[in-house]
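Thank you all for making the time this morning. I would like to walk through one model with you, starting from the packing and ending with the charged pairs, so please have the coordinates open as I talk.

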Amino acid sequence: TVSNGGTANIAISITGADCIVENISAVTTAGGGSSYNAVNVTGGYAIVRNVQVTDSDNIAIYVTGSDVLIEGCVILGSDAVGIVPGGPRNRMLGNYLINVGSIGISTGTLGDDSVINGNIVQDQGNQPWYIDTNSENCVVVGNRGDGAGVDNSGTSTVASNDETAF
């Protein structure tokens, strides 16, 4: 468990390709100015699994690189976006997000061929999921979220999502 609840900074920061971040909990200072992500992974291939983030100052989970798997994570409060991978061919599967500031799950600006599947996004401020203009050929299927998601790509498959407030 990593907590820096008294200061606004990144709770977990990992730099390096081919890493696994699993079974951890991170807390940052919510409302601290939207400057710091709770979990920030910079590098190539990564797996982020079973991570719990509470009250993120900015993005709850931000991972650069490609072929990233973000699975089974729980995000309880984020001042900005819940989950953002930074490259192509990413998988966001079975995550639970509640009370995120703007977007639940985003493909990021380079998220071609990404999959958003089986996620629940509840009580958030804007869209439960978002496909960026530059993210082509994504698949968004079987998610539940408060409100409508956004597909700016025009080339993605979006089907069987429940967009009813709950």
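Let me begin with a term: when I say that two residues are in contact, or that one touches another, I mean that they have heavy atoms within 4.5 Å. With that in hand, and leaving aside neighbours within four places in sequence, I61 is in contact with V39, V48, V51, V53, I70, C73, I75, G82, I83 and V84.

Before I go further, a word on provenance: this is a predicted model, in which local features need pLDDT of at least 70 and side-chain atom pairs count only at pLDDT 80 or more, while totals for chains, interfaces and linings use all residues. Residues are numbered from 1 along each chain as its sequence is written, and side-chain values use heavy atoms, with hydrogens and water left out.

Now to the packing. By buried I mean under 20% relative accessible area, by exposed over 50%, and by partly exposed anything in between, using a 1.4 Å probe and protein chains only. A nonpolar core is then a set of buried Ala, Val, Leu, Ile, Met, Phe, Trp, Tyr and Cys residues joined through side-chain atoms within 4.5 Å. In soluble globular proteins, nonpolar side chains tend to be buried together. Here the largest nonpolar core has 30 residues, and those with the most contacts inside it are I61 and I70. Which strand gives the largest share of this core? That is strand 5, with 4 residues. Strands, I should add, are DSSP runs of E with at least two residues, and helices are runs of H or I with at least four, numbered from the N terminus. Strand 5 covers 46-56, and the elements that each supply at least two residues of the core also include strand 3 (19-27), strand 6 (61-63) and strand 15. There is also a second, separate core of 5 residues, which includes I59, V84, I103 and Y130.

Strand 15 spans residues 127-131, and W129 sits in it. W129 counts as buried, at 4% relative accessibility. Not counting residues up to four places away in sequence, W129 touches I103, I105, I116, V140, G149, V150, D151, V158, N161 and E163. From C-alpha to C-alpha, W129 and T107 are 8.3 Å apart in space, with their positions 22 residues apart in sequence.

Next, S106, which belongs to strand 12 (residues 103-106). S106 is buried as well, with a relative accessible area of 7%. Beyond four places in sequence, S106 touches V81, I83, V84, P85, M92 and Y130. The side chain of S106 also reaches the backbone nitrogen of G108 at 3.1 Å.

On the cysteines, a disulfide is taken as a pair of cysteine sulfur atoms within 2.5 Å, and the structure holds 0 of them. For C73, the nearest cysteine sulfur is that of C19, 13 Å away. Why is C138 without a bond to C73? The sulfur of C73 is the closest to that of C138, yet the two are 19 Å apart, which is too far for a bond. Both residues are nonetheless buried, C73 at 1% relative accessibility and C138 at 2%.

Finally, the charged pairs. I count a salt bridge where a side-chain nitrogen of Lys or Arg lies within 4 Å of a carboxyl oxygen of Asp or Glu, and by this rule there are 4 salt bridges. R49 pairs with E22 at 3.4 Å, N to O; because R49 lies in strand 5 and E22 in strand 3, the pair ties together parts that are 27 residues apart in sequence. R49 also meets E71 at 3.0 Å, N to O, and since E71 lies in strand 7 (residues 69-71), this pair ties together parts that are 22 residues apart in sequence. All three are partly exposed: R49 at 24%, E22 at 33% and E71 at 26%.

Elsewhere, R144 forms a salt bridge with D162, the closest N and O atoms being 3.4 Å apart. R144 lies in strand 17 (residues 144-145) and D162 in the segment after strand 19 (157-159), so this pair ties together parts that are 18 residues apart in sequence. Salt bridges that share partners join E22, R49 and E71 into one network.

Definitions and conventions
Polar contact = N/O pair within 3.5 Å; in protein donor to acceptor, adjacent residues only side chain to side chain.
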